[in-house]
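Hi,

Here is the model I promised to pass on. Have a look at it first, and my notes follow underneath.

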Amino acid sequence: MIKKLFRASILNPKGPGSSEFYDDGALYVENGLIKSIGKFDDIAQKNKDFELIELDGVVMPGFVDVHLHWVQHRVRGQYAGELLSWLKSYIWPEEARYINTNFAIAAAEQFYTDLLRAGTVMGMSYSSPHASATEIALQKMRGDWIIGNVLMAINAPDDLTDYSLHDPVLLKDFMARTDRIHYAVTPRFAPNLSAAALGMMGQIAAASDVFIQTHLAESRAELAWVKELFPDAAHYTEVYDRAGLLTKKTILGHCIEMCDAEWQCLAERGSWVAHCPTSNEALGNRRMPLEKLREYDIPFALATDIGGGPSHSMLHVMQRFLATHRAADIPVQVQEALYRGTLAGAEAMGRDSVAGNFMPGKRADFILMPAMDPHDSWVGWFESSLAGSISELEERPRGTWLSGEKIA
Ligand code: GUN
Ligand code: ZN
């Protein structure tokens with residue numbers, strides 16, 4: 001039995017409006033799992049024969065990023081105007097390069113290294129259409145990820161559609177070789193698949209009970225295109241609903257250009273929204289209407305949407321989450337940013353019994369943040385931790401631990 005007691009200030013998010021904080025706190029970890037959390041004196045007294053690890057700073061759960069494209073990591077922050085022209089000029093040519101195995105291996109190693117350094121320990125990722133690149137992302141995985149080969153049959157270059165596994169036989173064959181816990185059926189977005197193909201994706205996901213991820217209503221031009229392609233659907237959300245793609249295990253990126261009937265539909269299905277404020281700003285899309293998520297009680301978590309988002313730092317996402325909604329006079333608290341970037345992501349991924357915060361029994365996946373001023377409250381400290389440039393935020397975590405082992 002490996003017993004470790006980590007002594008530090010400890011911040012433990014518990015919900016959108018609640019956290020616990022211990023100034024001189026302890027996390028007691030046995031074989032990589034949290035056994036207890038509390039004041040250092042109490043926890044130290046109740047246990048023995050442990051290795052004591054004293055850390056200078058604040059220990060908090062590692063970040064969870066529920067929507068990103070690992071195959072866009074190298075070109076994050078490059079823009080060519082609107083979403084659709086950006087996809088064509090920057091994103092699709094980059095994704096086509098992932099046919100090359102050695103290129104994909106090097107990129108995957110860099111991706112996981114960068115994310116762990118920035119404090120992200122878990123998330124949901126879109127791969128390129130290629131089976132090989134997706135297998136590489138799964139094999140090289142560091143942390144806990146759900147990954148899908150992006151499915152795209154039409155309205156895209158042949159060097160992507162030719163390798164997409166949207167044929168049900170190919171997709172099922174690939175899924176049979178893949179660990180379901182780490183796999184999501186990933187239709188890229190409605191313009192890349194016919195109604196029939198979307199329906200088949202819905203059936204395959206239901207039969208194997210896996211997660212589903214796709215994009216919904218991110219830009220006005222995309223919405224107009226979907227109306228043209230699916231003229232008999234009442235709205236964009238209905239295109240996915242008819243295909244059986246809206247489940248409790250569905251995570252929908254963006255959800256900006258939505259009408260009330262669509263919010264109602266999402267609420268009824270219990271699907272999750274991945275809210276990507278840095279990407280929305282960078283690609284010139286509108287603000288995601290947080291007030292609608294609240295009105296319809298839609299569950300959501302934060303995400304970078306690399307490479308739409310210019311940075312892989314979830315601290316940057318939290319900073320922009322607070323700033324964009326506050327600028328629109330929508331009140332939003334620091335506590336909520338903390339929850340949406342950690343525990344809510346684990347809930348979206350169905351992993352909240354094993355990750356996302358420091359409740360006993362969960363994996364000891366955590367980061368060390370710089371120490372706080374003894375006179376500050378944790379709320380003031382966390383808000384000030386979110387200030388700074390992208391490069392400062394990416395480097396802010398002082399270390400990252402997975403299952404109680406320091407790995408970055
Ligand atoms: N919609 C379809 N594909 C993409 C993508 O790769 N990034 C973003 N932000 N939106 C998309
Ligand atoms: Zn995306």
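**Notes on the model**

Gly307 lies in the loop between β12 and α13; helices (H or I, at least four residues) and strands (E, at least two) are DSSP runs, numbered from the N terminus. The peptide bond leading into Gly307 from Ile306 is cis, with omega near -5°.

Before you read on, some housekeeping. This is a predicted model, where local features need pLDDT of at least 70, side-chain atom pairs count only at pLDDT 80 or more, and totals for chains, interfaces and linings use all residues. Residues are numbered from 1 along each chain as its sequence is written, while chains are lettered from A and ligands numbered from 1 in the order in which they are written.

**The chain as a whole**

The protein chain has 17 helices and 15 strands. Its C-alpha trace spans about 65 × 45 × 35 Å along the principal axes. The radius of gyration is 21 Å, which agrees with the value near 22 Å for a compact globule of 408 residues (taken over C-alpha atoms; the globule rule is 2.2 Å times the number of residues to the power 0.38). Of those 408 residues, 52% count as buried, meaning that 20 or more other C-beta atoms lie within 10 Å of a residue's own; exposed is 12 or fewer, partly exposed is in between, and C-beta atoms are placed from the backbone. Among contacts with a separation of 6 or more, 73% are between residues 24 or more positions apart (a contact means C-beta atoms, placed from the backbone, within 7 Å).

**The parallel sheet**

Eight strands make an open sheet with parallel pairing, in the order β5-β6-β7-β8-β9-β10-β11-β12; two strands pair if DSSP finds at least two bridges between them. At the edges are β5 (63-69) and β12 (300-302), each pairing on one side only. From one strand to the next the twist averages 25° (axes are lines fitted to C-alpha atoms, for helices over the stretch in contact, and angles run from 0 to 180 degrees between N-to-C directions).

Strands β6 (residues 120-127) and β7 (residues 144-151) are joined by six bridges, and Tyr126 stands opposite Gly148 in β7. Between β8 and β9 there are two bridges, with Ile212 in β9 as the partner of Val185.

How much of β9 is buried? Six of its six residues are. Phe211, Gln213 and His215 point one way, Ile212, Thr214 and Leu216 the other. In the loop that follows, between β9 and α8 (220-229), sits Ala217. Ala217 has a positive phi of about 50° although it is not a glycine, and it counts as buried because it has 24 C-beta neighbours inside 10 Å.

Two helices to look at here: α7 (residues 195-208) lies across β7, β8 (184-187) and β9 (211-216), at about 175° to β8. Helix α13 (residues 314-327) lies across β5, β6 and β12, at about 120° to β12.

**The mixed sheet**

There is also an open sheet of seven strands with mixed pairing, ordered β3-β2-β1-β4-β13-β14-β15. Its edge strands are β3 and β15 (405-406), each pairing on one side only. Strands β2 (residues 18-30) and β3 (residues 33-39) pair antiparallel over six bridges, with Gly25 facing Lys39 as its bridge partner in β3. They form a hairpin with two residues between them, and Asn31 in the turn has a positive phi of about 45°.

Phe21 lies in β2 and is partly exposed, with 18 other C-beta atoms within 10 Å. Leaving out residues up to four places away in sequence, Phe21 touches Leu11 and Trp378.

Ser403, in the loop between β14 (399-402) and β15, is another non-glycine residue with a positive phi, near 45°.

**Around the ligand**

Which residues are around ligand 1? They are His69, Leu83, Leu87, Ile91, Arg188, Phe189, His215, Glu218, Ser279, Asp305 and Gly308 (C-beta atom, placed from the backbone, within 6 Å of the molecule). Helix α2 (residues 83-96) gives the largest share, three residues. By class the shell has four nonpolar, four polar and three charged residues, where Ala, Val, Leu, Ile, Met, Phe, Trp, Tyr, Cys and Pro count as nonpolar, Asp, Glu, Lys and Arg as charged, and the others, Gly among them, as polar.

Cheers
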